[in-house]
Amino acid sequence: MSAGERPFAKLLVLDLDETLIHARDRDAPPLPWPPQRQVARYGVHLRPGVREFMATVLERFVGVGIWTSASTEYATAMLERIVDRRRLRFIFARDRCAQIWDADGEQTYWRKDIRELDGFGFDPQGILVVDDKPRGLERSRANLVPVRPFRGDPDDLELWRLRQYLEQLGPLEDVRAVDKRCWWAQFEDDVDVDLDLES
Ligand SMILES: [Mg+2]
């Protein structure tokens, strides 16, 4: 972005696990890559570019919040050194999600209902929710920006692509009007070219 460019008058909501980080319990089989941090019983892998991503979106959107189905304590600990918490509009945790029983899969999942965001003064047409689990946004699919889950791969490029994609969504009058499924496909060629040049 160039200096002085006005931020998008929209609310950007970001999931935490497998979207911004991958936290691996010490009892889980180790990955081929070492974690960057240790937080309690978790080895924490930061999604490549996550700090730059957070810094950028905080400049580009008037509101940025975190919404996780984990606990507030967990989220706060994980976000340390990724983002200055005071710059976030909110950190929503499990108590802002609804636990839903999926009878077919015989398991529960967490639903994020964007009506929880009503108090922040944004119309649904100006709310974007980035999440690796589309199902949680089943009530507001049109607000969802799906990402592919991050599981520690240091070559992951999703956040670099997402930064570019958000520049497309930001100016829209109604973010819900655009089909956001498989949005990353439009950036894959560019990224491959960049990688080829580096090698
Ligand atoms: Mg997630």
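## A tour of the predicted chain

Select E106 to begin: with a relative accessible area of 63%, E106 is exposed. The model on screen is a predicted one. E106 is found in the loop that joins β7 (98-102) to β8 (107-111). Check the backbone here as well, since phi of E106 is near 50°, a positive value in a residue other than glycine.

**Second stop: R81**

Move to R81, in the loop between α2 (72-79) and β6 (90-92). Is R81 buried or exposed? R81 has a relative accessible area of 59% and is exposed. Its phi is positive, about 70°, although R81 is not a glycine.

**Zoom out: the whole chain**

Colour by secondary structure. The chain has 4 helices and 10 strands. Traced along the sequence, their order is β-β-β-β-α-β-α-β-β-β-β-β-α-α. Viewed along the principal axes, the C-alpha atoms fill a box of roughly 50 × 45 × 35 Å. The radius of gyration is 17 Å, which agrees with the value near 16 Å for a compact globule of 199 residues.

Colour by burial next. Of the 199 residues in the chain, 45% are buried. The chain exposes about 10900 Å², and carbon and sulfur atoms supply 47% of that area. Then show the charged side chains: there are 30 positive and 37 negative charges, and the mean positions of the two sets are 5 Å apart.

How much of the contact set comes from residues 24 or more positions apart? Among contacts in the chain with a separation of 6 or more, such pairs account for 69%. The stops below show individual cases.

**The magnesium ion**

Select the magnesium ion and display its donors. Which residues coordinate the ion? They are D15 (OD), D17 (O) and D132 (OD), at 2.1 to 2.2 Å. Along the chain the donors follow the spacing D-x1-D-x114-D. D17 lies in the loop between β1 (8-14) and β2 (21-25), and D132 in the loop between β9 (127-131) and β10 (144-146), so this pair ties together parts that are 115 residues apart in sequence.

Now look at how covered these two donors are. D17 has 19% relative accessibility and counts as buried, because the cut-off is under 20%. D132 also counts as buried, at 13%.

**E18, in the β1-β2 loop**

Step to E18, whose place is in the loop between β1 and β2. E18 counts as buried, at 13% relative accessibility. Leaving out residues up to four places away in sequence, E18 touches R47, D132, R148, P149, F150 and R151. D132 in that set is one of the residues that coordinate the magnesium ion. Draw a distance from E18 to F150: their C-alpha atoms are separated by 4.5 Å, while the two residues are 132 residues apart along the chain.

**V50, in helix α1**

Go to V50, in helix α1 (residues 50-60). V50 counts as buried, with 2% relative accessibility. What does V50 contact, neighbours within four places in sequence aside? The partners are L20, I82 and L159. For a distance here, take V50 and E158, which are 108 residues apart in sequence and 9.8 Å apart in space, C-alpha to C-alpha.

**V64, in strand β5**

Select V64, in strand β5 (residues 61-67). With a relative accessible area of 1%, V64 is buried. Show everything that touches V64, other than residues up to four places away in sequence: L11, L12, L14, M54, V57, L58, L88, R89 and F90. To relate this stop to the ion, connect V64 with D15, a residue that coordinates the magnesium. V64 and D15 are 11 Å apart, C-alpha to C-alpha, and 49 residues apart in sequence.

**Last stop: A9, in strand β1**

Finish at A9, in strand β1. A9 is exposed, with a relative accessible area of 60%, whereas V64 is buried. Setting aside neighbours within four places in sequence, A9 is in contact with V62 and F122. A final distance runs from A9 to Q164: the pair is 155 residues apart along the chain, and their C-alpha atoms are separated by 17 Å.

Definitions and conventions
Residues are numbered from 1 along each chain as its sequence is written. This is a predicted model: local features need pLDDT of at least 70, side-chain atom pairs count only at pLDDT 80 or more; totals for chains, interfaces and linings use all residues. Side-chain values use heavy atoms; hydrogens and water are left out. Helices (H or I, at least four residues) and strands (E, at least two) are DSSP runs, numbered from the N terminus. The radius of gyration is taken over C-alpha atoms; the globule rule is 2.2 Å times the number of residues to the power 0.38. Buried means under 20% relative accessible area, exposed over 50%, partly exposed in between (1.4 Å probe, protein chains only). Contact means heavy atoms within 4.5 Å. Accessible areas come from the Shrake-Rupley method with a 1.4 Å probe; for residues, only the protein chains shown count as cover. Lys and Arg count as positive and Asp and Glu as negative; His and the chain ends are not counted. The place of a charge is taken as NZ of Lys, CZ of Arg, CG of Asp or CD of Glu. Donors are N, O and S atoms within 2.8 Å of the metal (3.2 Å for Na, K and Ca); water is not among the atoms, so sites may look incomplete.
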